Amino acid sequence: MSIQKLVGKKAIVTGGTRGIGRAIARMLLEEGAEVAICGRSEAGTTRAVSELRGETGGCIYGAACDVSCPEAIQKFFAFVDDKLGSLDILVNNAGVGRFGSVADLEAGEWHRTLDTNLNSVFHFCHLAIPRFRARGGGFVVNISSLAARNAFAGGAAYNASKFGLNGFSEALMLDHRHEGIRVCVVMPGSVSTEFSGAAGLASWKIQPQDVAEVVRMVLTMPERTMVSLVEMRPSRPAK
Ligand SMILES: NC(=O)c1ccc[n+]([C@@H]2O[C@H](COP(=O)([O-])OP(=O)(O)OC[C@H]3O[C@@H](n4cnc5c(N)ncnc54)[C@H](OP(=O)(O)O)[C@@H]3O)[C@@H](O)[C@H]2O)c1
């Protein structure tokens, strides 16, 4: 049900090719927003753009951008400036899960996880804020995880990235709330995506469109109110 609040808004969704990011991009297109997505490969991004355009008839653009690389993010913003012209909404969703004990985890995997899940969010926000200021405000929605609160064995890199993301998000909110910039961190539990391979799909899990529904609610709150943190979990987790 469209409530017209997002019509014409300009949005970035990182990692919009699959899973949660794709469901959020789709929701935004259905609401009449103009959306730019990225993924690591040109082919994957082009395919997702064409499928989402076909499914919704919406205004969507996409370019390859490895969010773990600050130079690639700069280039992506030049692309977004060219295609969208301005920016109202930034959804930092792209993420990877590299799991292993601290002894077993390779240093490269540690850095890739932190660069993708956390450092990228700084760079995206740093570049988005001046564009939000030019519009008198904006939204950042960061897709974190319940792993931002619950550490688990083998989760050192992933837990560190998501614990860090929650702390970053709260500080970001406190830094910029008076400029009309609203920040929300969404912490889902198990979501049915291929994040950990095809075995990750299951009907008992949160579905990607359920996360998109929460993001829709966050983005359509009255201006006086900011939903700053949401926890989501499957109602009946598999035993
Ligand atoms: N699934 C869960 O149970 C779950 C639970 C809580 C939180 N989350 C979080 O939700 C977010 C999305 O996960 P998902 O479940 O939707 O996973 P997914 O199906 O594996 O999708 C991940 C998305 O991120 C993109 N991506 C990954 N690394 C990237 C990079 N370096 N640069 C650009 N794009 C990149 C992927 O695009 P390409 O492959 O095309 O590059 C893809 O679009 C992640 O931040 C994850 O931590 C997931």
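Q: Which element gives the most to the shell around the ligand?
A: That is H1, with 3 residues. Bear in mind that this is a predicted model.

Q: And which elements each supply at least two residues of that shell?
A: Helix H1, covering 19–30, and strand E2, covering 34–39.

Q: How many residues surround the ligand, and which are the closest?
A: There are 30 around the ligand. The closest are Gly15, Gly19, Gly39, Arg40 and Gly95.

Q: How does the shell divide into nonpolar, polar and charged?
A: The shell has 16 polar residues, 10 nonpolar and 4 charged.

Q: Back to E2. How many of its residues are buried?
A: 6 of the 6 residues in E2 are buried, and the strand is mostly covered.

Q: Which residues sit on each side of E2?
A: Glu34, Ala36 and Cys38 are on one side, with Val35, Ile37 and Gly39 on the other. Both faces are covered. In general, side chains in a regular strand alternate between the two faces of the sheet.

Q: What does E2 pair with, and is the sense parallel or antiparallel?
A: E2 pairs with strand E1, residues 10–14, in the parallel sense over 5 bridges. Opposite Ile37 of E2 stands Val13.

Q: Changing topic: how many residues are in the largest nonpolar core, and which have the most contacts inside it?
A: That core has 62 residues, and Ile24, Val35 and Leu90 have the most contacts inside it.

Q: What is Val35 in contact with, leaving aside neighbours within four places in sequence?
A: Val35 is in contact with Ala11, Val13, Ala25, Leu28, Leu29, Gly58 and Ile60.

Q: Now H5. What does it reach from first C-alpha to last?
A: H5 runs over residues 156–176, has 21 residues and reaches 30 Å, close to the 30 Å expected at 1.5 Å a residue.

Q: Which H5 residues are buried, and what do they pack against?
A: The buried ones are Ala156, Ala157, Tyr158, Ser161, Lys162, Leu165, Phe168 and Ser169. They pack against helix H4 (107–135), strand E5 (138–143) and strand E6 (181–188).

Q: Why is E6 largely enclosed by the rest of the structure?
A: Because 8 of the 8 residues of E6 are buried.

Q: Which E6 residues point which way?
A: Ile181, Val183, Val185 and Met187 point one way, while Arg182, Cys184, Val186 and Pro188 point the other way.

Q: How many bridges join E5 to E6?
A: 6 bridges, with the two strands running parallel. As one bridge pair, Asn142 has Val185 of E6 as its partner.

Conventions. Residues numbered from 1 in each chain as written. Predicted model: local features only at pLDDT ≥ 70, side-chain atom pairs only at ≥ 80, totals over all residues. Near = placed C-beta within 6 Å. Helix = DSSP H or I, 4+ residues; strand = E, 2+ residues; numbered from the N terminus. Nonpolar A, V, L, I, M, F, W, Y, C, P; charged D, E, K, R; others polar. Core = buried A, V, L, I, M, F, W, Y, C linked by C-beta atoms within 7 Å. Buried ≥ 20, exposed ≤ 12 C-beta atoms within 10 Å, placed from the backbone. Contact = placed C-beta atoms within 7 Å. Expected span 1.5 Å × (residues − 1). Pairing = 2+ DSSP bridges.
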